[in-house]
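These exercises ask you to read a protein model step by step, from charged pairs to the sheet and the core. Try each task with the structure in view before you turn to its solution.

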Amino acid sequence: MKKNIEFSKIGKDRLRGQCRAGDINLSKVNTLQDDIDEFGLREPLPVEEVSDRSWEYELRGGHHRWEAIRRLRNKNPRKWKNISCRVVKYYATPHSTINEERKIDMRRDNIHGGATCNPNTAAEW
């Protein structure tokens with residue numbers, strides 16, 4: 001489901017194997033920042049609703065786009081207050097057999113576009 005979500009309500013959980021700060025390619029972020037600034041966000045950020053965090057949604061992909069938008073917000077917070085997102089549902093049990101199999105498949109297929117990301121996200125699209 002697509003939804004416009006306030007940027008400040010989207011958090012990143014580093015404990016679930018998301019991309020770490022060192023995994024962010026700054027050249028890619030700069031390119032995305034220019035592109036998003038000129039044309040807008042073309043692909044919504046995948047997020048999951050969460051209730052046990054200090055934010056309402058957790059980022060599940062698009063870390064480079066998130067970082068580019070964060071930088072754009074520093075320049076113009078009003079323009080980038082609400083962000084187009086795709087709310088997805090993830091398996092709630094990260095240690096389940098099916099989830100472990102999906103993580104292996106995702107690593108093999110390199111779904112996240114880079115070996116530096118540890119895809120701990122088996123989404124129901």
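**Exercise 1. A charged pair**

Is Arg-42 buried or exposed? Decide this, and then describe the salt bridge in which Arg-42 takes part.

*Solution.* Before starting, note that this is a predicted model, in which local features need pLDDT of at least 70 and side-chain atom pairs count only at pLDDT 80 or more, while totals for chains, interfaces and linings use all residues. Residues are numbered from 1 along each chain as its sequence is written, and side-chain values use heavy atoms, with hydrogens and water left out.

Step 1. The classes rest on relative accessible area: buried means under 20%, exposed over 50%, and partly exposed in between, with a 1.4 Å probe and protein chains only. Arg-42 has a relative accessible area of 58%, so this residue is exposed.

Step 2. A salt bridge is defined as a side-chain nitrogen of Lys or Arg within 4 Å of a carboxyl oxygen of Asp or Glu. Arg-42 meets this rule with Asp-35, their closest N and O atoms being 3.2 Å apart.

Step 3. The partner, Asp-35, counts as partly exposed because its relative accessibility is 24%.

**Exercise 2. Further salt bridges**

How many salt bridges does the rule give, and where do Glu-67 and Arg-71 lie?

*Solution.* Step 1. The count comes to eight salt bridges. One of them joins the side chains of Arg-60 and Glu-58, at 2.6 Å from N to O, and both Arg-60 and Glu-58 are buried.

Step 2. Another links the side chains of Glu-67 and Arg-71, with 3.1 Å from N to O. Helices (H or I, at least four residues) and strands (E, at least two) are DSSP runs, numbered from the N terminus. Both residues belong to helix H2 (residues 63-75), where they are four residues apart, about one turn of the helix.

Step 3. Glu-67 is buried, because its relative accessible area is 11%, whereas Arg-71, at 23% relative accessibility, counts as partly exposed. Elsewhere, salt bridges that share partners join Glu-48, Glu-58 and Arg-60 into one network.

Step 4. Contact means heavy atoms within 4.5 Å. Apart from its neighbours within four places in sequence, Arg-71 is in contact with Leu-26, Val-29, Asn-30 and Gln-33. Arg-71 and Asn-30 are 41 residues apart in sequence, and their C-alpha atoms are 9.2 Å apart in space.

**Exercise 3. The sheet**

In what order do the five strands of the open sheet stand, and which strands are at the edges?

*Solution.* Step 1. The protein chain has three helices and seven strands, and along the sequence these follow the pattern β-β-α-β-β-α-β-β-α-β.

Step 2. Two strands pair if DSSP finds at least two bridges between them. Five strands form the open sheet in the order E1-E5-E3-E4-E2, with mixed pairing. Strand E1 (2-6) and strand E2 (10-11) stand at the edges, and since each has a single partner strand, one side of each is left without a neighbour in the sheet.

Step 3. E1 and E5 run antiparallel and are joined by five bridges, and Lys-3 stands opposite Cys-85 in E5. E3 and E5, by contrast, pair in the parallel sense over three bridges, and here Val-47 stands opposite Val-87 in E5.

Step 4. In a regular strand the side chains alternate between the two faces of the sheet. E5 has a covered face, made of Ile-83, Cys-85 and Val-87, and an uncovered one, made of Asn-82, Ser-84 and Arg-86.

**Exercise 4. The nonpolar core**

Which element gives the most residues to the largest nonpolar core?

*Solution.* Step 1. A nonpolar core is a set of buried Ala, Val, Leu, Ile, Met, Phe, Trp, Tyr and Cys residues joined through side-chain atoms within 4.5 Å. The largest one has 18 residues, of which Ile-5, Ile-10, Leu-45, Val-47, Ile-69, Ile-83 and Cys-85 touch the most other members.

Step 2. Helix H1 (26-39), strand E3 (45-49), strand E4 (57-59), H2 and strand E5 (82-87) each supply at least two residues of this core. H2 gives the most, with four residues.

Step 3. Leaving out its neighbours within four places in sequence, Ile-69 is in contact with Phe-7, Ile-36, Leu-41, Leu-45, Trp-80 and Ile-83.
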